[in-house]
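Q: Could we go through the reasoning behind some of the terms used for this model, setting each value against its cut-off?
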Amino acid sequence: MALDYVHSLDKVLSWRPEILLPSHGPVISGATEIATRVKMYRDAILYVHNAVVIGMNDGKDVFTLMREIKLPENLNVGEGYGKLTWSIRGIYEGYAGWFDLNPATMYTARPSSPYSDLVKLAGGPDPVVARALEVLQKGQAAEALRLTEAALAFDATHRGAWEARLKALAFLRDQSKNSNERGWLEYSIRETKAKLK
């Protein structure tokens, strides 16, 4: 899919347009400006695609590649609409498919299905929420969200879990410069606030 997009950008470049109306963002005017920006975008996609394929061939999993792959400064196209990590995952899963070599993912049990049991083993939702707040203090908001998700699987009415979740969501939203990510975080914040009422 990434390579299909590259071919589409090459087609746009072959037309040498004077005005370009991208699907996201403002109109781009002038053949030189359009060529510069479209080539940079195309080259960034190719860079990420090739880095993912190299990483896959080296036996790296998708989460390792999501942490490791960075665009070089000359190809930094920004993340106002998409995110580099989302593209890495999309390319990876486009080639590897759904199976991640973990037999647990071959079956119908959701990854979250043991959450309630794990929270019970941890002594209930209170220590799990406390841990979520600890990792959030370290800036690990995604991990805090997972922990609150587990606590809420055990007790969907646990106020402390909803409050910790709200803090993690707000932290992620405040760090985000991506419109899609902020939109989903805002939606989740509204939903969480509704649960707290």
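Q: How does the radius of gyration of the protein chain stand against that of a compact globule of 197 residues?
A: In this predicted model, the protein chain has a radius of gyration of 21 Å, whereas a compact globule of 197 residues would come near 16 Å. The C-alpha atoms fill a box of roughly 65 × 40 × 30 Å along the principal axes.

Q: Which elements make up the secondary structure of the protein chain, and how many of each are there?
A: There are nine helices and two strands, and from the N terminus on they run in the order α-β-β-α-α-α-α-α-α-α-α.

Q: Why is Thr192 called buried?
A: Buried requires a relative accessible area under 20%, and Thr192, with a value of 2%, therefore counts as buried. Thr192 has its place in helix α9, residues 179–196, and, leaving aside neighbours within four places in sequence, Thr192 is in contact with Trp162, Arg165, Leu166 and Leu169.

Q: What makes Thr105 partly exposed?
A: The relative accessible area of Thr105 is 31%, and because partly exposed covers what lies between the 20% limit for buried and the 50% limit for exposed, Thr105 belongs in that class. Thr105 lies in the loop between α4 (84–96) and α5 (115–121), where, with neighbours within four places in sequence left aside, Thr105 is in contact with Trp98, Phe99 and Asp100. The C-alpha atom of Thr105 is separated by 21 Å from that of Ala142, which is 37 residues away along the chain.

Q: How do you know that the span of α4 is close to what is expected at 1.5 Å a residue?
A: The 13 residues of α4 reach 18 Å from the first C-alpha to the last, and the expected span is also 18 Å. Just after α4, Gly97 takes a positive phi of about 80°.

Q: Which residues of α4 are buried, and why can they be placed on the same side of the helix?
A: The buried residues of α4 are Leu84, Ile88, Ile91 and Tyr92. They cover an arc of only 95° around the axis, and so they are on the same side of α4. What covers them includes α1 (2–15), α2 (31–57) and α3 (62–68).

Q: What share of the residues of the protein chain counts as buried?
A: Of the 197 residues, 31% count as buried. The accessible surface comes to about 13,100 Å², of which 56% belongs to carbon and sulfur atoms.

Definitions and conventions
Residues are numbered from 1 along each chain as its sequence is written. This is a predicted model: local features need pLDDT of at least 70, side-chain atom pairs count only at pLDDT 80 or more; totals for chains, interfaces and linings use all residues. Side-chain values use heavy atoms; hydrogens and water are left out. Helices (H or I, at least four residues) and strands (E, at least two) are DSSP runs, numbered from the N terminus. Buried means under 20% relative accessible area, exposed over 50%, partly exposed in between (1.4 Å probe, protein chains only). Contact means heavy atoms within 4.5 Å. The expected span of a helix is 1.5 Å times one less than its number of residues. The arc is that of the directions from the helix axis to the C-beta atoms. The radius of gyration is taken over C-alpha atoms; the globule rule is 2.2 Å times the number of residues to the power 0.38. Accessible areas come from the Shrake-Rupley method with a 1.4 Å probe; for residues, only the protein chains shown count as cover.
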